[in-house]
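Trainee: I've got a chain open and a few things I'd like to ask about it. Can we walk through it together?

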Amino acid sequence: MDPLTQNTSLQRLQNVEKRIVRVLELAGGVMEELANPAGPRKEFVNNHCSEFMQFIKDIQVTLRDEIKSACEYRPFEKCDYSSRIINELCCKKLEYMILKLDGMKQTIDEYQVKMEDA
């Protein structure tokens, strides 16, 4: 990730943290209102619950996006090291195969020479 992406990602996660604090404050406010001896104010509880649900939804969306972004991050994606190593191994295998084939050809040639002499 480039530094700008890391910075904005960190900022988004810090905003999620602030939203979580706000969610806890809303939940606490509703609990206090429900414990009110005079009875809870319906409008107050409804407003806080609506705000609570909206914050939860926003938190879920942001976290899902951040997790998806983190899973897509591949720091060595443009690195050709593994491709070069694989190519080198293939070349070594081909050199070995050529060596073995040359040996087989030599054995066949020697066999044919012996058969011609006999």
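Mentor: Sure. Keep in mind that this is a predicted model. The chain has three helices and zero strands.

Trainee: In what order do the elements of the chain run from the N terminus on?

Mentor: With zero strands in the chain, there are just helices to place. Read from the N terminus, the order is α-α-α.

Trainee: What share of the contacts between residues at least 6 apart in sequence join residues at least 24 apart?

Mentor: Leave out pairs less than 6 apart in sequence, then look at what remains in the chain. Of those contacts, the share joining residues at least 24 apart is 68%.

Trainee: Which helix gives the largest share of the largest nonpolar core?

Mentor: That core has five residues: Val16, Val23, Leu26, Phe55 and Ile59. Two elements give two or more residues to this core, helix H1 (3–34) and helix H2 (42–72). The largest share is three residues, and the helix supplying them is H1.

Trainee: Leucine 26 is in that core. Which residues does leucine 26 touch, not counting those up to four places away in sequence?

Mentor: Core membership already makes Leu26 a buried residue, because the core is a set of buried residues joined through side-chain atoms within 4.5 Å. Phe55 is a member of that core too, and it is among the residues Leu26 touches. The full list for leucine 26 is His48, Glu51, Phe52 and Phe55.

Trainee: How much of the chain is buried?

Mentor: The chain has 118 residues, and to count as buried a residue must have under 20% relative accessible area. The chain exposes about 10,200 Å², with carbon and sulfur atoms supplying 60% of it. As for the buried residues, they make up 11%.

Trainee: Is asparagine 15 buried, partly exposed or exposed?

Mentor: Asparagine 15 is found in helix H1. Its C-alpha is 8.9 Å from that of isoleucine 59, although the two are 44 residues apart in sequence. The relative accessibility of asparagine 15 is 35%, so this residue counts as partly exposed.

Trainee: How far from cysteine 90 is the nearest cysteine sulfur?

Mentor: The structure holds zero disulfides, and a pair would need its sulfur atoms within 2.5 Å. Cysteine 90 is partly exposed, at 38% relative accessible area. Its nearest cysteine sulfur belongs to cysteine 91, and the distance is 7.1 Å.

Trainee: Which residue lies over the face of phenylalanine 44?

Mentor: Don't look for an aromatic pair, since the search of the whole structure finds zero. What sits there, at 4.8 Å from the ring centre, is arginine 41.

Methods:
Residues numbered from 1 in each chain as written. Predicted model: local features only at pLDDT ≥ 70, side-chain atom pairs only at ≥ 80, totals over all residues. Heavy atoms only, no water. Helix = DSSP H or I, 4+ residues; strand = E, 2+ residues; numbered from the N terminus. Buried < 20%, exposed > 50% of the residue type's maximum accessible area, 1.4 Å probe, protein only. Contact = heavy atoms within 4.5 Å. Areas by Shrake-Rupley, 256 points an atom, 1.4 Å probe, with all protein chains shown as cover. Phe/Tyr/Trp six-rings, centres within 6.5 Å; stacked < 30°, edge-to-face > 60°. Lys NZ or Arg CZ within 6 Å of the ring centre and 35° of its normal.
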